[in-house]
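The following report walks through selected features of one protein chain, from its strands to its nonpolar interior. The sequence and the coordinates are shown first.

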Amino acid sequence: LRRSNLRESEEILRREARLLGDDLGGNVATVATSSPGVAAVAAVPPGKGEARGTARSVPPLGGNPGKRGARVLLSEQLLLSGAFAVGGAVVVEDQPDVSAVLSAYNQQGDPTLYEEYYSGLKHFIECSLDCHRAELSQLFYPLFVHMYLELVYNQHESEAKSFFERFHGDQECYYQDDLRVLSSLTKKEHMKGNETMLDFRTSKFVLRISRDSYQLLKRHLQEKQNNQIWNIVQEHLYIDIFDGMPRSKQQIDAMVGSLAGEAKREANKAKVFFGLLKEPEFDVPLDDEDEEGENEEGKPKKKKPKKDNVGSKSKKQDPNAPPQNRIPLPELKDSDKLDKVMNMKEAARRVRLGPECLPSICFYTFLNAYQGLTAVDITDDSSMIVGGFADSTVRVWSVTPKKLRSVKTAADLSLIDKESDDVLERIMDEKTASELKILYGHSGPVYGTSFSPDRNYLLSCSEDGTVRLWSLQTFTCLVGYKGHNYPVWDTQFSPYGYYFVSGGHDRVARLWATDHYQPLRIFAGHLADVTCTRFHPNSNYIATGSADRTIRLWDVLNGNCVRIFTGHKGPIHSLAFSPNGRFLATGATDGRVLLWDIGHGLMVGELKGHTDTVYALRFSRDGEILASGSMDNTVRLWDAVKAFEDLETDDFTTATGHINLPENSQDLLLGTYMTKSTPVVHLHFTRRNLLLAAGAYSSQ
């Protein structure tokens, strides 16, 4: 740092490492970052080596990690500015000190020549061979941003303005929003506190380019002695070079568009246990009525194994499944077993869907929802529906004739005979029976709601920064979880209950357990708001979608990010795992639904059709059909079986990301269903494969 005269960075490093004297002393561990010629030095005071080495370890899931466990991850990472691999795990730094980051922009070139440099490179790329042009065009946007920021930082405001005006029209349409933010940064002072710029600084923009194209670029820049651009490429870009054919324009377009470019290939190499956990075994008692009703097609006994494509294999462990005890899951209660039995009976009567047999759709329209409907969820057995509203209320409706009742008061409960068979009926207070219950407690719009699998609890998260757990026995709030300091955009219960996840404006997702008031895991890495969260069916992984236009898959066990998916051109608003756990579908403001193979870490499909944000995605119970609901007031049904069959996931594709998407997704579209004027906020398949949809009627 001294050699480069980076005083401020040196100060920060000293403060971080608590080395105030001149002598560095002790052991100095050097960590090489991914950019050539830059090394971050983490100084370890003598005797403290042990503590620093163990700080990265993660508390066990069951235990309460306390504040230290959560914070230590972030403070350790402040030292290591720039995301780089440490022992195979990608460490993502929290926001480092702005001045340290910006000092990389110290004046290096003649401000009047920037336009010349850029247009020279532009001319070179546009005149290169078609096969290289598509790949090298990826450089335009990150270089444009960095050159503009360099001009602004060094206070050449007029040059920066003319540079921006001359070239901003050439950038891809999906960067419009980012460019709008950029255009408002016209003075050095603006750069100090601006988050978007920090993201651009701290996360190297990743470009994936074939070796041939890269050599071509390098030769050009060296011949022209265009050091200004070469410095930016080395300082701020991460070029992921692969051997083989350059990718076509379509292949690149499918994958780019996120805030920090594409994902590095290493990011999607880790092994993911995407298989399902083995179902616990217990006997299913048969009712008489079932036997009569089902005689013509064999008794349900025979049909039971057909519960799921995976259910039938439940005797053998799925080879891709995580070990049964990899994370501690709650024990099954008797009521859960009863519910599983009910589920199996329903499954026996499930409609097998397919292109020839589409589901019926039942649409729940919220009328006169002047409070502004912001979230919906439906219980797994489709008996209750909940709405979160902008007036900070949570409203729960019963969808069946059975009314919602609270438990009696303590005085009345003491009179009940605990031994009677119908004790569970007796504790309910008939006087409280109603179709609708309103839950008050939040102090801002409610953006996410989620029922627990056993239907005893309900989660809601709000703009007020809290996640609340409500009892559906008493319809009161049991806990307020405070961890996010900003709005919480989404929350969801694990499919096994007990754990839940939340994601918010503070760019992190948190994993909680209902009986801990501190989060068990903090998943940090997104560069913008975490807009939606989803548990994998085996509960070992969590997917998060973000306004940085990427989707990440996190391992619940150790908090690592194991997949980064890029390709959407706008913030992600919906996620759905296929029932067999192998695939993920994602929807965003760009109206596209993308399909991902989790095991290989590849995009395997793109469903085009919606003309507005896709807010809801759901697979049918056996995964044959994917339903998508959007702000364009339509529900669309897609053929998931066809979309996922005969995928080309050979080693070469996996290694280089040469994905071959079918040109036309229309042959996968099975149907489009318009509502009159109701954006679709939520979709849910009942246990018999009836599709329920929900949204609030909008009069305009």
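Strands, as the word is used here, are DSSP runs of at least two residues marked E, and they are numbered from the N terminus. The model discussed is a predicted one.

**Serine 628 and its surroundings**

By that definition serine 628 belongs to strand E31, which spans residues 625-630. Because its relative accessible area is 0%, serine 628 counts as buried, the limit for that term being under 20%. Its side chain makes a polar contact with the side chain of histidine 610, at 2.7 Å. Once neighbours within four places in sequence are set aside, the residues in contact with serine 628 include His610 itself, together with Val593, Val614, Ala616 and Leu617; also among them are Thr634, Val635, Arg636, Trp638 and Leu683.

**An open antiparallel sheet**

Elsewhere in the chain, 4 strands form an open sheet in the order E14-E15-E16-E17, with antiparallel pairing. Strand E14 (446-451) and strand E17 (476-482) are the edge strands, each of them pairing on one side only. From one strand to the next, the twist averages 20°. Strand E14 is joined to strand E15 (residues 457-462) by 5 bridges, and the two run antiparallel; phenylalanine 451 has leucine 458, in E15, as its bridge partner.

**Nonpolar cores**

In soluble globular proteins, nonpolar side chains tend to be buried together. In this model the largest nonpolar core has 43 residues, of which Leu139, Leu143, Phe144, Phe163 and Leu182 touch the most other members. Helix H7 (residues 140-153) supplies the largest share of this core, namely 11 residues. A second core, separate from the largest one, has 21 residues, and Ile551, Val562, Ile598 and Met603 are included in it. Returning to leucine 143, its contacts beyond the neighbours within four places in sequence are with Tyr118, Leu121, Ile229, Ile232 and Val233.

**Cysteines and accessibility**

How many disulfides are counted? The count comes to 0 disulfides, where a pair of cysteine sulfur atoms would have to lie within 2.5 Å to qualify. Two cysteines are listed below with serine 628, each with its relative accessible area.

| Residue | Relative accessible area | Class |
|---|---|---|
| Serine 628 | 0% relative accessible area | Serine 628: buried |
| Cysteine 532 | 4% relative accessible area | Cysteine 532: buried |
| Cysteine 561 | 25% relative accessible area | Cysteine 561: partly exposed |

Cysteine 532 is classed as buried because its relative accessible area is 4%, whereas cysteine 561, at 25%, is classed as partly exposed.

Definitions and conventions
Residues numbered from 1 in each chain as written. Predicted model: local features only at pLDDT ≥ 70, side-chain atom pairs only at ≥ 80, totals over all residues. Heavy atoms only, no water. Core = buried A, V, L, I, M, F, W, Y, C linked by side-chain atoms within 4.5 Å. Buried < 20%, exposed > 50% of the residue type's maximum accessible area, 1.4 Å probe, protein only. Contact = heavy atoms within 4.5 Å. Polar contact = N/O pair within 3.5 Å; in protein donor to acceptor, adjacent residues only side chain to side chain. Pairing = 2+ DSSP bridges. Axes fitted to C-alpha atoms, helices over the stretch in contact; angles between N-to-C directions.
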